[in-house]
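Subject: Structure handover

Hello,

Here is the structure I promised to pass on. Please open it first, then read the notes below.

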Amino acid sequence: MAKSYLTSQPDEKGFFGKYGGAYIPPQLEEAFKEINEAYDKLSKSYDFINELYNIRKHYQGRPTPVYYAKNMSEYCGGGRIYFKREDLNHTGAHKLNHCMAEALLAKYLGKKKIMAETGAGQHGVALATAAAYFGLECEIHMGEVDIEKEKPNVIRMQILGAKIVPVSHGLKTLKEAVDSCFEAYISQSDTALYAIGSVVGPHPFPKMVRDFQSIVGIEAKEQFAKMTGGQLPDSVVACVGGGSNAMGIFSGFIDDPVKLYGVEPMGKGTKLGENAASLSYGKDGIMHGFNSIMLQTDEGEPAPVYSIASGLDYPSVGPEQAHLKTIGRTIVATADDEETIDAFYKISRLEGIIPALESSHAIAFAMKLARQNPKESILVNLSGRGDKDIDFVVENYPLPS
Ligand SMILES: *Cc1c(COP(=O)(O)O)cnc(C)c1O
């Protein structure tokens, strides 16, 4: 029997085709080897799998439902739109799926601390939650500009007991926070685990985070089949920042005849600096320990990027997303700010669900797809809820009448 896609990718060095790998300083080689070997064992361990299953069921609130968005579908004119409700996860997004698993891994490794960078604070809050649950210390590196901008998430992390390390060099945002966290990790790797926040970073994180997120696709496939008398959706749609919520839902359908759309933020326009559409406009390059497709300047440095959704605001993308695009298994789509805000308000009014601005990109594209394909069924990963975004939206985009 042919091997399934997920068991055959990545190779043992962490490459998905030419993308991925582990480009790390020699001082960290030992630490990543330890993580890799531990994950190899634990991913087959009954105890680990069973403990994670129980956490997901009793603490996180899984399985999250699949919901047929009837009002939205009728509004668009026929194509049937379904939502996988990751916004109903504890802490309000898919991120807890990998954070709980990473913290469980840290516990099995006997670590005392989990650490990470955060941009908008979403990964920081999810990780601080996991740390509290397992009684681990938590250290979050965050740019000073982001600390100022994302006050409520900073306060959440502090209430949950995390220590915030402000980063004051360079642009004082996400990229500098990653650099700072890597540096701090070098001297602490025997007692701490670096818990990366998406399907990015050096091997084994792109594989590991994908596997931890694959529960989304496994559940969704079964739920969708139950609702439709055994069918598959025609299309699956997810937004792509680093690519973890997309890999999560894609995982369930990757060996099936289902179109997989990754939606990137087109922001204000197509010029460098106006968007964060790495797969659409990027070039091959190495950053933050892995080879992928990234937006870069003429000098080959990571380019400044922009997105209305801070969770999508990253100049690169997970190596598996780069690979799947290159081999033609996924289709890269985009939604700009205006379409995203329109989708944000529409689904709030039509369905009573306020989505995260990240997820609103996927919904905006799904609405287009439904209009163009009235016979299709479209499953969207609604990656998170929009409570965090409401102040920003109403201050900048007037309420529709
Ligand atoms: C962080 C975040 C994303 C983007 O990250 P991916 O790794 O691409 O999934 C998308 N949606 C929400 C709600 C997020 O918090």
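A residue counts as near a molecule when one of its heavy atoms lies within 4 Å of that molecule. Please keep in mind that this is a predicted model.

**The ligand**

There are 17 residues around the ligand. Which of them come nearest? They are K95, S198, G243, S244 and S383.

Two of these serines place polar side-chain atoms by the ligand. For S198, a polar side-chain atom is 2.6 Å from a ligand oxygen atom. For S244, the distance from a side-chain N or O atom to an oxygen atom of the ligand is 2.7 Å. N245 has such a contact as well: an N or O atom of its side chain lies 2.8 Å from a ligand oxygen.

How much of the ligand does the protein cover? On its own, the ligand has 380 Å² of accessible area, and the protein covers 97% of that.

The shell around the ligand breaks down by class into 11 polar, four nonpolar and two charged residues.

Where does the ligand lie with respect to the domains? Domain 1 covers 16-57 + 95-209, and domain 2 covers 61-92 + 214-396. Both give residues to the shell, so the ligand lies between them.

**Aromatic rings**

Ring pairs count here if their centres lie within 6.5 Å. By this rule, there are 12 aromatic pairs.

One of them joins Y133 and F134. The centres are 4.8 Å apart and the planes stand at 75°, an edge-to-face pair. Are these two residues buried or exposed? Y133 is partly exposed, at 37% relative accessible area. F134 has 13% relative accessibility, so it counts as buried.

Y185 and Y194 form another pair. Their ring centres are 5.6 Å apart. Why is this pair edge-to-face? Planes over 60 degrees apart count as edge-to-face, and the planes of Y185 and Y194 are at 65°. Y185 is buried, with a relative accessible area of 1%. Y194 is buried too, at 1% relative accessibility.

Y185 and Y194 also belong to a cluster. Ring pairs link them with F32, F182 and F205.

**Charges over rings**

Two spots to look at here. The charged end of R80 sits over the ring of Y68, and the distance to the ring centre is 4.3 Å. K268 lies over the face of Y306, 4.1 Å from the centre of the ring.

Best wishes

Conventions: Residues are numbered from 1 along each chain as its sequence is written. This is a predicted model: local features need pLDDT of at least 70, side-chain atom pairs count only at pLDDT 80 or more; totals for chains, interfaces and linings use all residues. Side-chain values use heavy atoms; hydrogens and water are left out. A polar contact is a pair of N or O atoms within 3.5 Å; within protein, one must be able to donate a hydrogen and the other to accept it, and residues adjacent in sequence count only if both atoms are side-chain atoms. Accessible areas come from the Shrake-Rupley method with a 1.4 Å probe; for residues, only the protein chains shown count as cover. Ala, Val, Leu, Ile, Met, Phe, Trp, Tyr, Cys and Pro count as nonpolar, Asp, Glu, Lys and Arg as charged, and the others, Gly among them, as polar. Domain bounds come from an automatic or database domain assignment. Rings of Phe, Tyr and Trp (its six-membered ring) pair if their centres lie within 6.5 Å; planes under 30 degrees apart count as stacked, over 60 as edge-to-face and the rest as tilted. Buried means under 20% relative accessible area, exposed over 50%, partly exposed in between (1.4 Å probe, protein chains only). A charge sits over a ring if NZ of Lys or CZ of Arg is within 6 Å of the ring centre and within 35 degrees of the ring normal.
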